[in-house]
Protein chains: 2
Amino acid sequence: MLRTHTCGELRLSNAYETVTLCGWVQKSRDKGGLVWVDLRDRYGITQLMAEEGVSSEAVLDQVRELGREFVVKVTGKVKEREAKNEKISTGEIEILIETLEILNPAKLPPFLIEDETDGGDELRMKYRYLDLRRNTVREKLRLRHKVGSATRNYLDSQDFIEVETPVLIKSTPEGARDFVVPSRMNQGEFYALPQSPQTFKQLLMVSGFDRYYQIVKCFRDEDLRADRQPEFTQIDCEMAFVEQEDILNTFEGLIRHLFKTVKGIELDEVPRMSYADAMRLYGSDKPDTRFEMQFVELNELTQNKGFDIFDSAELIVGINASGCAAYSRKEIDQLTDWVKRPQVGAKGLVYIKYNEDGSFKSSVDKFYSDEDKKAIAEKFGAKPGDMILILSGETDKVRKQLNELRLEMGSRLGLRNPDDYKVLWVLDFPLLEFDEETNRWHAMHHPFTSPKPEDLSKIESAPGEVRANAYDMVINGTEVGGGSVRIFEKPLQQQMFKLLGFTPEEAEAQFGFLMSAFEYGAPPHAGIAFGFDRLCSLFGGSDSIRDYIAFPKNNSGRDVMIDSPATISEEQLKELGIDVK
Amino acid sequence: MLRTHTCGELRLSNAYETVTLCGWVQKSRDKGGLVWVDLRDRYGITQLMAEEGVSSEAVLDQVRELGREFVVKVTGKVKEREAKNEKISTGEIEILIETLEILNPAKLPPFLIEDETDGGDELRMKYRYLDLRRNTVREKLRLRHKVGSATRNYLDSQDFIEVETPVLIKSTPEGARDFVVPSRMNQGEFYALPQSPQTFKQLLMVSGFDRYYQIVKCFRDEDLRADRQPEFTQIDCEMAFVEQEDILNTFEGLIRHLFKTVKGIELDEVPRMSYADAMRLYGSDKPDTRFEMQFVELNELTQNKGFDIFDSAELIVGINASGCAAYSRKEIDQLTDWVKRPQVGAKGLVYIKYNEDGSFKSSVDKFYSDEDKKAIAEKFGAKPGDMILILSGETDKVRKQLNELRLEMGSRLGLRNPDDYKVLWVLDFPLLEFDEETNRWHAMHHPFTSPKPEDLSKIESAPGEVRANAYDMVINGTEVGGGSVRIFEKPLQQQMFKLLGFTPEEAEAQFGFLMSAFEYGAPPHAGIAFGFDRLCSLFGGSDSIRDYIAFPKNNSGRDVMIDSPATISEEQLKELGIDVK
């Protein structure tokens, strides 16, 4: 090795040893006869020094020439520092430089390579290899490695086998848009990149693999949002001869193991909630349960009192913002404007303040007596000092709006601490959802999800009421994983495709291999997939998955560092038998 | 879970327990009043039985209906078998069936699901999910999991970090043909799938990651041979602040760990050989060193004795086939025909038998005296009973031919036992090779490989003589890994691109990001990549990597199971802005 030690390793006990370090110049300070250099590598920072009268002129000249981010190799003696730095692990020592070799000089970086940098997003993406030098960024990828490692350890210990499934597969019309790959050997035909290894993992169950997992890249050609990437990573799992309960237990085990290993947190038992309850109590299928503030429905208490808006509403529903009775008129106006923004879309906001003195003040005092308000407050379990916030309208819309308001109030009240973790299973999702645009039913999870046996009778008559054996894991209001018990019988799978608007020929052309596999002895099976990037960002306490990806793409799907995508040669196009329009 | 135990778990100590098993019917035997069923899962086989007079009529009827590969759930009591089967771990017990549930019936499989099957290649590929049910095939994927797991354990223990690099990158003209992915958001432009994460891992070194690895899918759009797949998996590694010696030691450590963990073999220290010696002694840069039979060059001893063919040859070189003096005329003629086949391409074969009685017999007795032959035999260290086989011609060609003959003789003499493992480092590869077809120099490893400093002066004057800091790991004559110390300075990298025929503009357009990175403080670094599929097949003692891939493609790049590649819709083509010719 070019070095005897790393920059994070030396302690006072190494004093008087002659060592060789390699690393990057973080910064240097020249104070009269003394020059100090902070040398950085992945493991830490070590202080180097040279001194007039002690060090040779040659060394002093060299040290004074060093610029930020020069790569150097230094040999010298470890000595105790006069001014110790308790903030770093090597802070008790420094190295008196004996020889110094510049392994590679560096131009001045386009932004500061410090925890707090002056580089903007695009600049840091263009020079991602410099951004990755920053401790905060490198630590994120280190965390990612740790989460991956702990995941594999747990699943290996549970007898799961990691099996790699193909990346070059076949395009299917179901789900999101596929990336495709033109085939040169089979001109006019295309491979597709997998949105998930779904059908392959089901085939592995048919093969008897029993417990499969894979940490695997998946691909979706969708217009990008801040937290979406065209390529992303999943922890993909499947088990045979199990029921929903087994999946919940096994993967609750995984998440407990990850929290313990990665965060040092002993997780409580993971509570479970039906989709119906989640929508009713939180207006969301991924409620943030770090705080209560559950929805209370008020139709009974508020209708037929002469307030037209409530009287004509399908749902009147509110939350209790604890301790907010002191909100000023201005603050309430701001909150009203907030819920009226297009992103939330409410028409207005009704408030009832339960003042500290026990009196009530509301925006609807004209219609509701103090007694009415007291009854409402009781229904919320509100105390003096609280403020109740109420929205009304169509059930689905108003729940969505109140969900936004609840999250906003949770944030304002400091109830959404990123270091506090609440994990939740949401169960019993609907099997199907109706898409107005295409005027047909879509699979809410995917077409391989099994309906609950007790709801099977409604599958033709009331498809919207059929519940699925499907489940999501939600952490702090973010869906981190989801899965289902699968269909494993050909007739039911055919019926499902029919419901989704496939002709028998289309179903056969797309998924014939899977239905054929079901005829040769398919076991009952079920599975789940976790968003690995998302999970890592959550463990890191961050909202953005991009930080947890070594070389992410921007919102236009471009890698601005390597400048990709790019044009290809005429010869390549000719070989592939395609033309660019 | 649907079962209390697996089919590989029950022992005599479980007698009298009531258990529930799930699995596939391997076969059943009906002998008068007794019916036996072998139930199979991933863990083993357990014998079930039903007996007239003991079991209910209903159970007997059900059991008699079971076909091969039916999926069943069985509850019953464990009892000691009368006729024990020592070949299987559950052979001391059987289950007296109490209740039986057919979870899924099965059509008769298109081939036998046994270790020895009657299914041809294409049929087994079309029904790969059934082929994967066979123990021998499943064990291969289990081995693969084990190799992957052990690799990660070792590299984690050495402070390596696994970092995922992107799959959607940019096409480069260097190397093999790229698969490309049309971009919808940037019409007319394409991503490419990586042939390896080479530039990204080098950038991670520039970022200070220091020790990187990844078990990663790579892609090459090449015409396929039996042991090539369009998508394959690499163990990809890179280290900073190291020299070649450090890479050799670290990855010798990996391979020793894998042999120990996966095969229970304590490997000897891995010997090293220069490329020049490998070519001289074995005619191959990947010699099979399970057996000696080294080349001996005979120009000095055989030229100017009147034998025109040798006199006009650039190289006369032979091997000693130990104990083969008894070869008949017919056997020698067959061997001569064998070396003359187009796949080998020799013009003829000269033999010298060193008979048991000490006499010599050769095909060139006319030109060489017994003394001449004795001198030759001595040069080989041959003993009575041996036979020397000699080829002659142009150096490169004749070495290649004799390599083939050596391997053939090794096989005939039983010296190439797949359970015997010889690992070898081959070092000091040439930096460049001249391609007659394109009339330019090509990088033998890749354009990022550094020349040996002592050969740098020849880089313009005699590029063909410059050696690289490049190394391959060879096991039993198969290259399993290769790598190099990289260029990390922009001027040298520019010079290299120039040598390879890039204009400065082309070099900048393709690899500008990497050369730019080299200007911001790039450390010395080096790396290696192992062919994971190949390594697994080697540990499994097989020649074919296809068996070690769950869902491989055939020689036309097709997945015959899912029928991919396939045409895509007009709408997809329109969105991507491409036409199929």
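1. Start with a cut-off: a residue counts as buried under 20% relative accessible area, as exposed over 50%, and as partly exposed in between. Glu297(A) has a relative accessible area of 30%, so this residue is partly exposed. The same terms return in most of the points below. Keep in mind throughout that the structure is a predicted model.

2. The overall make-up of chain A comes next. Chain A contains 16 helices and 23 strands. The C-alpha trace of the chain spans about 95 × 75 × 50 Å along its principal axes. Of its 581 residues, 59% count as buried. The area that chain A exposes is about 23900 Å², and 46% of that is supplied by carbon and sulfur atoms.

3. Contacts in chain A reach across the sequence. Taking those between residues at least 6 apart in sequence, 65% join residues at least 24 apart. A reader following the chain from one end to the other should therefore expect partners from distant stretches, since 65% of these contacts are of that kind.

4. How are the two copies arranged? A turn of 180° with a shift of 0.0 Å along the axis lays chain A on chain B, with an RMSD of 0.1 Å. The two copies are thus related as by a two-fold rotation axis. As for where they meet, 100% of the interface residues of chain A are also interface residues in chain B, so both copies use the same surface.

5. Salt bridges deserve a point of their own. Side chains of opposite charge can pair when their charged atoms come close. Over all chains, the structure holds 98 salt bridges. One of them joins Glu245(A) and Arg272(A), whose closest N and O atoms are 2.8 Å apart. This pair links distant parts of the chain, as Glu245(A) belongs to helix 6 (residues 244-263) and Arg272(A) to strand 11 (residues 272-274), 27 residues apart. Both ends are partly exposed: Glu245(A) has 37% relative accessibility, and Arg272(A) has 35%.

6. A second salt bridge in chain A is formed by the side chains of Arg399(A) and Glu297(A), at 3.2 Å from N to O. Arg399(A) lies in helix 12 (residues 395-412) and Glu297(A) in strand 12 (residues 296-297), so the pair ties together parts that are 102 residues apart in sequence. Which of the two residues is buried, and which is partly exposed? Arg399(A) is buried, at 16% relative accessible area, while Glu297(A) is partly exposed, at 30%.

7. Chain B has a salt bridge between Arg399(B) and Glu297(B), again given as 3.2 Å from N to O. Here Arg399(B) sits in helix 12 (residues 395-412) of chain B and Glu297(B) in strand 12 (residues 296-297) of chain B, so parts 102 residues apart in sequence are tied together. Arg399(B) is buried with a relative accessible area of 16%, and Glu297(B) counts as partly exposed at 30%. Salt bridges can also share partners: in chain A, Asp121(A), Arg124(A), Arg128(A), Asp131(A) and Arg134(A) are joined in this way into one network.

8. Leu349(A) lies in the loop between helix 10 and strand 14 (350-354) of chain A. With 11% relative accessibility, Leu349(A) counts as buried. What does Leu349(A) contact, leaving aside neighbours within four places in sequence? Its partners are Leu335(A), Thr336(A), Val339(A), Ser363(A), Leu389(A), Ile390(A), Leu391(A) and Leu405(A). Of these, Leu389(A) is 40 residues away along the chain, yet the two C-alpha atoms are separated by 6.9 Å.

9. The UniProt record, an unreviewed entry, carries the annotation "binding site" for Glu174(A), Arg220(A), His445(A) and Arg486(A). Arg220(A) is in the loop between strand 9 (211-219) and strand 10 (231-240), and is partly exposed at 30% relative accessibility. Not counting residues up to four places away in sequence, Arg220(A) touches Ala176(A), Arg177(A), Phe179(A), Gln195(A), Pro230(A) and Phe232(A).

10. Arg486(A), from that annotation, is placed in the loop between strand 21 (478-485) and helix 13 (490-499). Its relative accessible area is 2%, so Arg486(A) is buried. The side chains of Arg486(A) and His446(A) are joined by a polar contact of 3.3 Å.

Key: Residues numbered from 1 in each chain as written. Chains lettered and ligands numbered in written order. Predicted model: local features only at pLDDT ≥ 70, side-chain atom pairs only at ≥ 80, totals over all residues. Heavy atoms only, no water. Least-squares fit on C-alpha atoms with pLDDT ≥ 70 in both. Contact = heavy atoms within 4.5 Å. Salt bridge = Lys/Arg side-chain N within 4 Å of Asp/Glu carboxyl O. Helix = DSSP H or I, 4+ residues; strand = E, 2+ residues; numbered from the N terminus. Buried < 20%, exposed > 50% of the residue type's maximum accessible area, 1.4 Å probe, protein only. UniProt positions renumbered as here; feature names shortened; annotations may be inferred. Polar contact = N/O pair within 3.5 Å; in protein donor to acceptor, adjacent residues only side chain to side chain. Areas by Shrake-Rupley, 256 points an atom, 1.4 Å probe, with all protein chains shown as cover.
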